[in-house]
Amino acid sequence: GQSSMRGDERWWMHEQIQLFRRFGQSRADGGLDYDWRALLIEICKDRAMLDWLDGTNSAKGRPNENFARELWELFMLGEGRGYTQADIEEAARAFTGFDDVDVENTDPVYQTVIYFLDRHDEEEKTIFGVTGRFGYDNVAPYHEGSATTATDARDTDGGIVALTLRERPVEGSTFICRKLFDWFVYENPPQAVIDQLAATMVNNNYDVAPVLKQMFRSEAF
């Protein structure tokens, strides 16, 4: 039967699929060159993600915790590892600002997602014990078409992705390396194996390619 997904939602999903394909492409070809940090940064501003995980319903004074929780639980650290409920609440404030808007003169009505500075909570937040005016800038630069495209000087040190990898490098690197090993080799690997892969990832600034090479050349593989 015909999908109930709107035309704009189909386009957002197409963009997300293209983003994942770019992960393994070279930067010379417009890709991310296996840079896990860059992929996390891109997904923070992905229209489909913002729509699915309530990012467009999260605004100053009424932050939605969904994306902040899922970012750490499913994609960066693992459930309950290295963060608290208070960290989630503060990070949710940092991820405010995006909204669905109608594109003018389209029939049927087409929506896009744009960042609005007046929807963003610009006050200080404390996450992992670090206080700053954390926001989207550098972590997820404003969308094309936004009326606000300048760098937001109120942001601190690259936002939530950079803060997480700086303050929780062990949890972050072991989480993704365990995911990779479980998928390509076998489940429940020895901790020492994961620790070696994680050290490679941190030493290569979260580049996944050296980790994959090490894993594929290992005796375990």
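**View 1. The buried and exposed residues of helix α8 in a predicted model.** The buried residues of α8 are I194, L197, A198, T200 and M201, where buried means under 20% relative accessible area, exposed means over 50%, and partly exposed lies in between (1.4 Å probe, protein chains only). They cover an arc of only 155° around the axis, which puts them on the same side of α8; the arc is that of the directions from the helix axis to the C-beta atoms. Q196 and N203 are exposed on the other side of α8. The helix itself spans residues 191-203, and its 13 residues reach 18 Å from the first C-alpha to the last, close to the 18 Å expected at 1.5 Å a residue, the expected span being 1.5 Å times one less than the number of residues.

Residues are numbered from 1 along each chain as its sequence is written, and side-chain values use heavy atoms, with hydrogens and water left out. Because this is a predicted model, local features need pLDDT of at least 70 and side-chain atom pairs count only at pLDDT 80 or more, whereas totals for chains, interfaces and linings use all residues.

**View 2. The chain and its secondary structure.** The secondary structure comes to 9 helices and 4 strands, taken as DSSP runs numbered from the N terminus (helices are H or I, at least four residues; strands are E, at least two). Along the sequence these elements follow the pattern α-α-α-α-α-β-β-β-β-α-α-α-α. Of the 221 residues in the chain, 46% are buried.

**View 3. The largest pocket and its lining.** Rolling a probe the size of a water molecule over the atoms shows where empty space is left. On a 1 Å grid over the protein atoms alone, a cavity is a set of points where a 1.4 Å probe fits but cannot get out, while a pocket is an open set with protein on both sides within 12 Å along at least five of seven lines, and lining residues have an atom within 4 Å of a point. The largest pocket has a volume of about 620 Å³, that is, the space filled by probe spheres set on grid points joined across faces, edges and corners. It is lined by 26 residues, of which Q16, F20, L39, I43 and F75 lie nearest its centre. Helix α1 gives the most to this lining, with 5 residues, and the helices that each supply at least two residues include α2 (36-43), α4 (66-76) and α7 (169-184). By class, the lining has 22 nonpolar, 1 polar and 3 charged residues (Ala, Val, Leu, Ile, Met, Phe, Trp, Tyr, Cys and Pro count as nonpolar, Asp, Glu, Lys and Arg as charged, and the others, Gly among them, as polar).

**View 4. Two loop residues with positive phi, D54 and F128.** Most residues other than glycine have a negative phi. D54, in the loop between α3 and α4, has a phi near 65° and counts as partly exposed at 24% relative accessibility. F128, in the loop between β3 (125-127) and β4 (130-132), has a phi of about 55° and counts as buried at 9% relative accessibility.

**View 5. The cysteines C44 and C177.** C44 is buried, with a relative accessible area of 0%, and C177 is buried as well, at 1%. The structure holds 0 disulfides, a disulfide being a pair of cysteine sulfur atoms within 2.5 Å.
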